[in-house]
Amino acid sequence: MTYKRLWMAIICLGLLIMPRSTAIAQDMSNRDLNGISPQNHKYIITTLGSAAVGAGLGFLLGGAKTGKLALIGGGAGSAWFLHSHRYALGNRGHKGLTCAPIA
């Protein structure tokens, strides 16, 4: 039992130290953020956010409704976004509108 706790402590310590070592290795500059734009991920953020709202509502209502309302919320958010941004998916926009409520 003590070996198990020792290995668990070593692994946790290693996981805590690992991200810090790469962050300290270099200085931040404006070039690090090139190509990262929140405008490119609006569709995914809207869909995941509405799924999270649906899951939260399902959790508040209780029972086994959390997963079902998460799917309904994700589909509704996706359909809403695609209706208000017709050219968001390019040539696949009509397929997105068809598949959004299916989820």
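Author: Helices here are DSSP runs of H or I with at least four residues, numbered from the N terminus, and the model to which they belong is a predicted one.

Reader: In which helix does Ile10 lie?

Author: The protein chain holds four helices and zero strands, and along the sequence these follow the pattern α-α-α-α. The helix that spans residues 2-24 includes Ile10, and that element is helix α1.

Reader: Is Ile10 buried, partly exposed or exposed?

Author: A residue is called buried under 20% relative accessible area and exposed over 50%, with partly exposed in between. Because Ile10 has a relative accessibility of 43%, this residue counts as partly exposed.

Reader: Which residues make the nonpolar surface patch of about 500 Å²?

Author: Patch residues need over 30% relative accessible area, and Ile10 stands at 43%. The patch of about 500 Å² joins Ile10 with three partners, so that its full membership is Tyr3, Leu6, Trp7 and Ile10.

Reader: What share of the accessible surface of the protein chain belongs to carbon and sulfur atoms?

Author: Of the 103 residues in the protein chain, 16% are buried. The accessible surface of the chain comes to about 8,600 Å², and the part that belongs to carbon and sulfur atoms is 68%.

Reader: Which element of the protein chain has the highest mean pLDDT, and which the lowest?

Author: Over the whole protein chain the mean pLDDT is 76, with 69% of the residues at 70 or more. Among the elements, the highest mean, 85, is that of helix α2 (residues 42-61), whereas the lowest, 67, is that of helix α4 (residues 93-99).

Note on methods
Residues numbered from 1 in each chain as written. Predicted model: local features only at pLDDT ≥ 70, side-chain atom pairs only at ≥ 80, totals over all residues. Heavy atoms only, no water. pLDDT = per-residue confidence, 0-100. Helix = DSSP H or I, 4+ residues; strand = E, 2+ residues; numbered from the N terminus. Patch = residues over 30% accessible without salt bridge, like charges linked within 9 Å, V, L, I, M, F, W, Y side chains within 5 Å. Areas by Shrake-Rupley, 256 points an atom, 1.4 Å probe, with all protein chains shown as cover. Salt bridge = Lys/Arg side-chain N within 4 Å of Asp/Glu carboxyl O. Buried < 20%, exposed > 50% of the residue type's maximum accessible area, 1.4 Å probe, protein only.
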